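Here's a quick walk through this model, starting with what sits around the ligand and ending with the chain as a whole.

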Amino acid sequence: MDGTEQDRDSIVSAMGHLSHGVYVLGTRRGREMTAMTASWVARVSERPPCVAVGVRDDRYTHNVILESTTFSLSVLREDQVDIASHFADTSGEYHDKLYGIPYGKSPGGSPILLDCLAYLDCKVLDTAHAGDHTVFIGEVTAGESYDGPYNEPSEPLLYDPTEYEGALN
Ligand SMILES: Cc1cc2nc3c(=O)[nH]c(=O)nc-3n(C[C@H](O)[C@H](O)[C@H](O)COP(=O)(O)O)c2cc1C
């Protein structure tokens, strides 16, 4: 291993200590709804309230967001790893991942999961290129929180790579 590879490994390892939640990122093309799992999400402004999400340029979702300029984030609960895997394991280009999953439409027209901790509805304010990803900066135009099963307070799902072996590419 040369110096550059060691540098890269230590950078990747250090970045692995950043904390992320896990979300289902929804968007639409006309009446077609699609969604993928995303964890590279951050809150980035208070007024107006904004979030940023990094989407790799070759994801099917990427171009759909570019076209619709709207997206939603359904915040997953700690017991929803199976839902995160479901929206990561296949591409919306070939599969209707929302088929069989209870979902509704956000005010902006994006799909939102009916069973999750909260949802945010976003309008794209700006985009930035970051290597192989596009960062979509979204102004949060609507949002709502839900009770967990049996009205118990719930915790958000935190990203743990060991739970998604092989699912990230
Ligand atoms: C926990 C988890 C988090 C992920 N986060 C992101 C992310 O933030 N950005 C991204 O581009 N892909 C991310 N992915 C990968 C996409 O969810 C996956 O490639 C998906 O199949 C893309 O769907 P699409 O082709 O329908 O857009 C993540 C996968 C997992 C399992």
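A word on residue classes first: Ala, Val, Leu, Ile, Met, Phe, Trp, Tyr, Cys and Pro count as nonpolar, Asp, Glu, Lys and Arg as charged, and the others, Gly among them, as polar. By that split, the shell around the ligand has 12 nonpolar, seven polar and three charged residues.

This is a predicted model, where local features need pLDDT of at least 70, side-chain atom pairs count only at pLDDT 80 or more, and totals for chains, interfaces and linings use all residues. Residues are numbered from 1 along each chain as its sequence is written.

Around the ligand you'll find 22 residues, where near means a C-beta atom, placed from the backbone, within 6 Å of it. The closest are Met36, Thr61, Ala88, Ser91 and Gly92. The elements giving two or more residues to this shell are tabulated here; helices (H or I, at least four residues) and strands (E, at least two) are DSSP runs, numbered from the N terminus.

| Element | Residues |
|---|---|
| β2 | residues 32-38 |
| β4 | residues 50-56 |
| α2 | residues 60-68 |
| α3 | residues 81-89 |

β2 supplies the largest share, four residues.

Now the whole chain. It has three helices and nine strands, in the order α-β-β-β-β-α-β-α-β-β-β-β. The C-alpha trace spans about 50 × 40 × 35 Å along its principal axes. Of the 169 residues, 30% are buried, meaning 20 or more other C-beta atoms, placed from the backbone, lie within 10 Å of a residue's own.

Key
A residue is buried if 20 or more other C-beta atoms lie within 10 Å of its own, exposed if 12 or fewer, and partly exposed in between; C-beta atoms are placed from the backbone.
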